Every structure is written in structure tokens, then in C-alpha cells.
Amino acid sequence: MPPTQQTPVQSTPIQSTRVQSTRVQLTAAAARRTALAAQGFADARPTAVPTRQHLRRALNRVQLLQLDSVNVAVRAHYMPLFSRLGPYPMSLVDDAAWTNTARKPRLLVEYWAHEASLVPVEDWPLFRWRMRRYESRYARHIARIAAASPGLLDDVLATIREEGPMAAGTLEAALGGAVPKSKGGWWNRSDIKHICESLFATGRLTTGTRQGFQRLYELPERAIPAAVLATEIPDDEAARVLTLRAATAHGVATEKDLRDYYRLEPARSQQAVAELVSEGLLEPVAVEGWRHPAYRHVDARTPRRVVGRALLCPFDPLIWERDRAERLFGFRYRIEIYVPEPQRVYGYYVFPFLLDGELVARVDLKADRLAGVLRVQGAFLEEGREPSRVVSELAGELTVMAEWLGLSGVWVGERGDLAGALRRAVR
């Protein structure tokens with residue numbers, strides 16, 4: 001179902017906040033298959049070149065795409081769709097997020113959801129409660145800037161209104177470059193950068209487009225339909241709808257899992273879960289091996305088996321909550337970007353490898369565009385896995401990924417117990 005057909009954002013009377021005491025028993029394997037199906041991994045990849053319709057279906061599974069500045073292998077918001085659809089034109093995401101024409105209306109808009117994320121345009125009003133929080137959070141900073149540079153905030157908005165989408169650096173130049181620099185806090189960014197970020201966080205600016213990974217700020221009324229901008233949703237109802245979105249993406253999850261998907265406050269998340277249980281949209285379940293109660297979306301499916309393969313970037317929604325990944329797959333995963341190199345266990349930017357519903361290996365990847373190869377700087381087999389099939393399937397998926405990235409082949413280094421066999425396989 002496309003994002004435009006998601007659960008209507010309408011107030012639903014609260015029938016009860018009492019959570020049912022009787023819970024359905026679910027095996028660990030069934031919970032894992034339920035989660036994989038919810039994320040789209042039980043669906044066959046398209047046999048033809050994926051289209052916007054395939055994009056819509058994938059987005060209806062994952063609900064959002066996390067953005068991240070790291071570009072060692074591929075930008076984070078492109079990879080989850082490759083993991084589910086296989087090779088697809090990256091222009092599908094670019095058009096959905098940063099093109100807005102009568103022929104191709106914008107499907108996605110940027111905002112703080114899980115982290116900085118692309119979310120369906122229709123979900124914009126669901127985050128007004130967060131926009132109001134940011135107004136309070138940034139009030140002191142904006143007041144300081146206003147005292148030092150009266151009228152600067154209005155000048156930023158007026159310039160964007162007249163000139164169109166602009167980066168913060170371009171705005172600095174357009175406004176004469178005579179803006180005072182902050183001497184502390186906010187990472188020593190310029191006052192114009194502070195203003196742009198606060199206006200983005202409070203919903204008075206959005207992203208018109210991006211150049212590379214640089215955000216070009218735009219007025220929301222030129223990027224988001226008027227009907228969406230005019231929609232007001234009570235905070236509790238927004239939490240309820242976002243929790244249901246999270247339950248759709250999870251299939252089965254603890255309350256904390258659901259809360260983390262959109263980074264909701266505990267009390268509001270707990271209330272939303274209780275309401276959804278009372279309404280019959282979530283079913284309480286007890287999952288084998290899970291310490292905390294869980295909830296299954298009423299429409300979640302549990303396939304008898306999950307087949308296929310996928311490389312998962314560190315910001316894939318299937319694994320971004322590390323405790324959940326460990327519960328589902330017995331897979332301990334930590335991103336090591338900020339770990340000093342001598343202390344890294346697996347590498348800088350490690351992709352888990354999913355094969356037939358299990359995480360069976362991990363590879364440290366880098367797209368070396370100068371040499372034209374996808375570098376596997378480390379390759380590691382998970383304990384108890386049969387290496388020969390893992391190597392064969394992993395080599396195949398790495399080759400497909402390299403081709404998708406426009407690279408000529410795969411290069412395998414020395415690190416890891418799979419490195420030697422994988423090197424021979426990719427040759």
C-alpha cells in the first residue's frame with residue numbers, strides 16, 4: 001500500500017488503557033520471520049527494473065529512510081531499498097525526496113523522525129509536537145542571535161522566499177558575510193547556520209533539494225501540499241499513529257522497540273501502545289527468549305520460511321536498534337566508526353549479511369571510486385554457519401552491489417576468516 005494510503009490520521013476515542021493480561025506465545029523463530037516479513041524481506045525482488053510503484057511498496061514497509069553523512073560505501077538512505085529491491089535507479093529516491101512537479105509530486109520530506117530521516121509527506125503533521133519542543137529548546141539561542149543581529153531571522157526567510165532553495169553558506173554570502181560568528185556551542189557554526197537548523201527543526205523551513213549531501217533550505221509551503229500543512233493533530237493522537245506506523249514496520253516488537261522507531265517519549269509511547277491494544281490493532285504476545293512483553297501488529301504475517309539474501313547498511317531499520325537485532329538474530333552488532341582503528345573488531349563501516357532469514361556474516365565495505373572497485377576490507381563468518389554457501393551467496397551479492405554502484409568489480413583484503421574463500425569466489 002503506498003504511503004498516501006496509510007492509516008488515516010484521525011482522532012480515535014480511547015476505549016481503555018488496560019493492556020490484556022493473556023499473551024499469545026511466539027517462538028523466537030516465528031518472531032524473526034514476522035519481523036523480516038514486516039520489513040519486506042519475505043517479498044521477492046522485482047525481476048524488472050524497479051519503478052516508483054516498487055518504491056512506494058518498500059516505503060510502506062519501512063515507513064522512513066534514515067539519512068546519514070557517512071559515504072564510505074553508499075549513502076544510508078539509498079541502501080535499504082537496494083537491500084529489499086536489488087539494483088534500482090537511485091533517481092527514484094532523489095525524485096521522491098527532492099522533486100516536486102505536477103507529474104511527479106514529492107513523496108518524501110525530511111525531518112527528525114528516528115534520526116534525520118525521509119518520511120512520507122503525509123506524515124509531516126505527525127511531528128508538530130516535536131517542532132514545538134524544538135521551539136523551546138532553541139529559544140535561548142535564537143534570542144541571543146536576535147539580540148546580536150536584529151532582523152537576521154526574517155532576512156533568512158525573505159532571502160529564501162525570493163531566491164529559492166539555498167544552502168546556509170550561500171545565505172551567508174547573500175546576506176553580505178557580515179554576520180557575527182558564535183564563539184561557543186552549536187559546534188561554532190555561524191549564526192545563519194544556527195538559524196537555518198532551528199527553523200528546520202521547528203518546521204518553518206524544510207529541504208528543497210540537496211547538492212551532494214548539502215541541504216538546500218526551502219519554505220514548507222513550496223514543498224508540502226497546503227492540505228498537509230494545514231493539518232493539526234493532537235500530540236497523543238500523533239503518538240498513537242506513529243506507534244502504529246512503527247508496529248507496521250516491526251511486525252512484532254517490545255514497547256521500547258516501538259518507541260525507538262520515532263524516538264517517542266516513554267510515557268506517551270506506553271499510553272499509545274495500551275490504546276492500540278484496547279482497539280485490537282496490537283496483540284500482546286510473549287516471545288521465546290525475550291525478557292519484556294511484546295506486541296504484534298494485527299495485520300502482521302509470519303511466513304513459514306524466508307529465503308533470499310541482502311547486505312544491510314549500519315542504518316538499516318531492521319538492525320539499527322542493536323538490542324533488537326541481538327534478540328532477533330543472536331547477532332551482536334556495534335558500529336565502529338568512532339572506535340580508534342587499533343580497537344576495532346570488524347572494521348569502520350560493517351554490513352551484516354542476511355541469508356535465508358539469518359545474519360550469517362559481516363563485511364567491512366568501502367567504495368573505492370578512484371580504483372573502480374568495491375573493497376571488502378574484512379569478511380567474517382558468524383559462529384556455527386556453513387561457510388561454502390555463505391561465501392557463494394555473499395560473493396554474488398557483493399558483485400551485484402558493485403555493479404549497482406557503477407564499480408567494475410570486488411576486491412577482497414586479508415582480514416577475517418572468510419577473506420580467503422571470498423577472494424577466490426569473486427575472481
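This report describes an open sheet and a helix that lies across part of it, in a predicted model.

**The sheet**

Four strands form an open sheet in the order β1-β8-β9-β7, and their pairing is mixed. The strands β1 and β7 stand at the edges with a single partner strand each, so one side of either strand has no neighbour in the sheet. On average, neighbouring strands of this sheet are turned by 45° against each other, direction ignored. The residue ranges of the four strands are listed below.

| Strand | Residues |
|---|---|
| β1 | 24-26 |
| β7 | 252-254 |
| β8 | 282-287 |
| β9 | 294-297 |

The pairing of β1 with β8 is parallel and is made over three bridges. Within this pair, Leu26 has Val287 of β8 as its bridge partner.

**The helix across the sheet**

Helix α12, residues 266-278, lies across β8 and β9 and runs at about 105° to β8. The length of α12 can be checked by a simple calculation. With 1.5 Å a residue, its 13 residues should span 18 Å, and the C-alpha atoms at its ends are 18 Å apart, which agrees. The expected span is 1.5 Å times one less than the number of residues.

The buried residues of α12 are Ser269, Ala272, Val273, Ala274, Glu275, Leu276 and Val277. The elements that cover these residues include the strands β8 and β9, together with the helices α10 (235-250) and α11 (255-262). After α12 comes Gly280, which has a positive phi near 80°.

Definitions and conventions. Residues numbered from 1 in each chain as written. Predicted model: local features only at pLDDT ≥ 70, side-chain atom pairs only at ≥ 80, totals over all residues. Heavy atoms only, no water. Pairing = 2+ DSSP bridges. Helix = DSSP H or I, 4+ residues; strand = E, 2+ residues; numbered from the N terminus. Axes fitted to C-alpha atoms, helices over the stretch in contact; angles between N-to-C directions. Contact = heavy atoms within 4.5 Å. Buried < 20%, exposed > 50% of the residue type's maximum accessible area, 1.4 Å probe, protein only.
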